[in-house]
Amino acid sequence: MNKKELIQKVSAISGLSVADAEKAVKAYEETVVSAMQAGEKVISIGFGTFDIKQIGARNGHNPQTGKPMIIPAKQAVRFRPGKRLELK
């Protein structure tokens, strides 16, 4: 399902117009992005949790030259699904 299909589905389920459903989907995305950028956790009980995972520096190699290099530490967004997303 792509974003356009998601908006159509939200519109159909909620009874919102397509324009209002698009605003709602965009508002949700913006809210999650701003929370992640602020280092906050976003918890939607039953659906899942967005949080930030710290990934430490590690040794690697440059695939073009084969020379060893250090891959720097970074932060990544992690999504952990809730009970409602368990596949049966």
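**Figure 1. Four salt bridges turn up when the whole structure is searched.** Keep in mind that this is a predicted model. In general, side chains of opposite charge can pair when their charged atoms come close. The next three views take a look at some of these pairs.

**Figure 2. Lys3 and Glu29 pair up through their side chains in a salt bridge.** The N to O distance here is 2.9 Å. Lys3 sits in helix α1 and Glu29 in helix α2, so this pair ties together parts that are 26 residues apart in sequence. Both ends get some solvent: Lys3 is partly exposed at 36% relative accessible area, and Glu29 is partly exposed at 34%.

**Figure 3. Lys26 and Glu22 make a salt bridge inside helix α2.** The closest N and O atoms are 3.3 Å apart. Along helix α2, the two residues are four residues apart, about one turn of the helix. Lys26 counts as partly exposed, with 36% relative accessibility, and Glu22 is also partly exposed, at 31%.

**Figure 4. Asp51 meets Arg80 in a salt bridge.** Their side chains come to 3.1 Å, N to O. Asp51 belongs to strand β2 (residues 48-55) and Arg80 to strand β5 (residues 74-81), so the pair ties together parts 29 residues apart in sequence. Asp51 is buried, with just 6% relative accessible area, while Arg80 is partly exposed at 38%. Arg78 joins in too: salt bridges with shared partners link Asp51, Arg78 and Arg80 into one network.

**Figure 5. Five residues form the largest nonpolar core.** They are Val32, Ala35, Met36, Val42 and Phe50. Helix α2 (residues 18-37) gives the largest share of this core, three residues. Zoom in on Val42 and, setting aside its neighbours within four places in sequence, you'll find it in contact with Val32, Ala35, Met36, Gly48, Thr49 and Phe50.

**Figure 6. The largest pocket holds about 270 Å³ of space.** Rolling a probe the size of a water molecule over the atoms shows where empty space is left. Around this pocket you'll see Leu6, Val25, Tyr28, Phe47 and Phe50 as the lining. By type, that lining is five nonpolar residues, with no polar and no charged ones. Phe50 may look familiar, as it is also one of the residues in the largest nonpolar core.

**Figure 7. Lys4 is an exposed residue in helix α1.** Helix α1 covers residues 3-14. Lys4 has 64% relative accessibility, so it counts as exposed. Pan from Lys4 to Gln64, 60 residues apart along the chain, and the C-alpha atoms are separated by 39 Å.

Key
Residues are numbered from 1 along each chain as its sequence is written. This is a predicted model: local features need pLDDT of at least 70, side-chain atom pairs count only at pLDDT 80 or more; totals for chains, interfaces and linings use all residues. Side-chain values use heavy atoms; hydrogens and water are left out. A nonpolar core is a set of buried Ala, Val, Leu, Ile, Met, Phe, Trp, Tyr and Cys residues joined through side-chain atoms within 4.5 Å. Buried means under 20% relative accessible area, exposed over 50%, partly exposed in between (1.4 Å probe, protein chains only). Contact means heavy atoms within 4.5 Å. On a 1 Å grid over the protein atoms alone, a cavity is a set of points where a 1.4 Å probe fits but cannot get out, and a pocket is an open set with protein on both sides within 12 Å along at least five of seven lines; lining residues have an atom within 4 Å of a point. Grid points are joined across faces, edges and corners, and a volume is the space filled by probe spheres set on the points. Ala, Val, Leu, Ile, Met, Phe, Trp, Tyr, Cys and Pro count as nonpolar, Asp, Glu, Lys and Arg as charged, and the others, Gly among them, as polar.
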